[in-house]
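Please look over the model below before reading on. My notes on a few of its helices and strands come after it.

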Amino acid sequence: MKKLLITAVAVATGFIGYHAPVVQAATAIDVDQLLRQVQQGRTRDSDINRQRIERFRAERAQQANLLQQAKNDKLAEENRSKALDRLFETNDGEIIELEQAVQDRLGDLKELFGVIQQVAGDARANFDISMTQAQFPERSVFMTELAQKVGQTNRLASVQDIEQLWFEIYREMVETGKVTKFTTELIDTDGSLAPAEVTRVGVFNAVSDGQFLYYNEDAKKLQVLSRQPAGRYLSKVGAVETSTSGLEPFPLDPSRGTLLSNLVRSPTLAEKFHQGKEVGYIIVTIGAIGVLLAIWRLIVLMGVSGAVSRQAKNLDKPGNNPLGRVLKVYHDNPSADVETLELKLSEAIIKETPKLNKLIPILKIIAVVAPLMGLLGTVTGMIQTFQQITLHGTGDPKLMAGGISTALVTTVLGLTVAIPMVFLHTIVSSRAKRVSQVLNEQASGMVAERAEATG
């Protein structure tokens, strides 16, 4: 019995601790009070449950009424849906009959509206890429609405629409032969937008402030070409912009901008040079070195040739030049026999020859090496081309164009260096041989003079 009491107290304590932990701390030592609190709690719970059951019984009748009202609403909506379905079927049948009646009454007009739709679509496509679109941008909206209108079965083009279509097409034809000035928003090369006066030459070209323009179809505005054509074309622009009457020469693009776009995309001389890459740079470098050497040796040999010519007119006073040094050998050996004198003069001439031919063989080497370097660039360029074909196939020619450009540019650079170097080597070498020939002639004369003197 004692164990049962302890268990009941422990259960009651746990129950009270779960619902009212603060009370547990205050009453844990009074078992009687704890039992009374448990009894009071059970009584209070019973009252709450009884009140809840009574409230549910009172509202049960109202819930039944609400359920019946919802069923009635559902039935009414189902009847309304059936009525709307019948009305829709009736109206749909009438619409089909009316459309058929419209098609029957249109007769040959259907073909006319088809032609109008096709003409409106073609005209809009032509207007969208025309230079005149920048001057008459509002017509694009009309052409689009007209094409959509005649494309629908329940809408017909009016007489005003047909007349407006004819007017727009005729205006395009008239503007093709006009040189017109107008103000519009212009896209500059940096992307900025600003109003500017534009001179339009038919539908072929447009210029502003001395620069050629093209029609940007995406932005639907005229834009300055990022790279202008050569000066011989730009020089004609100013006269057309300032002219008010008469005839002025102008570089007209009959392809409406296509040729001009291709022209400005063609590489310049500097860009072609850089397409040769490393091999091209080496060829140009050795070519420049060869030209400088040729010019320097040509100037030196011209000075030596002049000094030798002056020395030939004054054989008694040997100077500091090749002929003077040969004459000095002659004057230093007045008693030598003919054979000895001939050997000493030959030795003096042989000493002067390397000085005259100094660096001339290098010019010949450059003339030979330059085309070989060009051939090297050709081979490397073709290797690059075949690598591109291996990786990407032959579908896109632009991928192969880089290697082919390198191959051809280096070949051109090699020949461009080699051909002038051959001429320069010939000129410089001829100048050196001429001086050597003068030395030999003078030496032969001295030997002959000594032979005559010695009998």
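The points below take up two helices, one residue and one sheet in turn.

1. Status of the model. The structure is a predicted model, and the remarks that follow should be read with that in mind.

2. Length of helix 6. Helix 6 covers residues 159-176, which is 18 residues. At 1.5 Å a residue it should span 26 Å, and because its end C-alpha atoms are 26 Å apart, the two values agree.

3. The two sides of helix 6. Buried in this helix are D161, L165, E168, R171, E172 and E175. Viewed down the helix axis, these buried residues fall within an arc of 130°, so they line one face of helix 6. The face turned away from the buried side carries V159, W166 and M173, which are exposed.

4. What lies over the buried side. The buried residues of helix 6 are covered by elements that include helix 4 (109-128) and helix 5 (139-150). Strand 1 (179-187) and strand 2 (193-201) are also among the covering elements.

5. E175. Where does E175 sit? E175 belongs to helix 6. Its relative accessible area is 8%, and because buried means under 20%, E175 counts as buried. The side chain of E175 makes a polar contact of 2.5 Å with the side chain of R200. Leaving aside residues up to four places away in sequence, E175 touches T132, Q135, F136, T180, R200, G202 and V203. R200 thus appears both in the polar contact and in the list of touching residues.

6. The barrel. Five strands form a closed barrel in the order 1-2-3-4-5, and their pairing is mixed. On average, neighbouring strands of this sheet are turned by 50° against each other, direction ignored. Strand 3 (residues 205-208) pairs with strand 4 (residues 211-216) in the antiparallel sense, over 3 bridges. A206 stands opposite L213 of strand 4.

7. Length of helix 14. Helix 14 (residues 360-392) has 33 residues. From its first C-alpha to its last it reaches 49 Å, close to the 48 Å expected at 1.5 Å a residue.

8. Burial in helix 14. Which residues of helix 14 are buried? They are I360, L363, I366, A367, A370, M373, G374, G377, G381 and T385. The elements that cover the buried residues of helix 14 include helix 11 (277-312), helix 13 (338-356) and helix 15 (397-454).

9. The end of helix 14. G393 comes just after helix 14 and takes a positive phi of about 75°.

Key:
Residues are numbered from 1 along each chain as its sequence is written. This is a predicted model: local features need pLDDT of at least 70, side-chain atom pairs count only at pLDDT 80 or more; totals for chains, interfaces and linings use all residues. Side-chain values use heavy atoms; hydrogens and water are left out. Helices (H or I, at least four residues) and strands (E, at least two) are DSSP runs, numbered from the N terminus. The expected span of a helix is 1.5 Å times one less than its number of residues. Buried means under 20% relative accessible area, exposed over 50%, partly exposed in between (1.4 Å probe, protein chains only). The arc is that of the directions from the helix axis to the C-beta atoms. Contact means heavy atoms within 4.5 Å. A polar contact is a pair of N or O atoms within 3.5 Å; within protein, one must be able to donate a hydrogen and the other to accept it, and residues adjacent in sequence count only if both atoms are side-chain atoms. Two strands pair if DSSP finds at least two bridges between them. Axes are lines fitted to C-alpha atoms, for helices over the stretch in contact, and angles run from 0 to 180 degrees between N-to-C directions.
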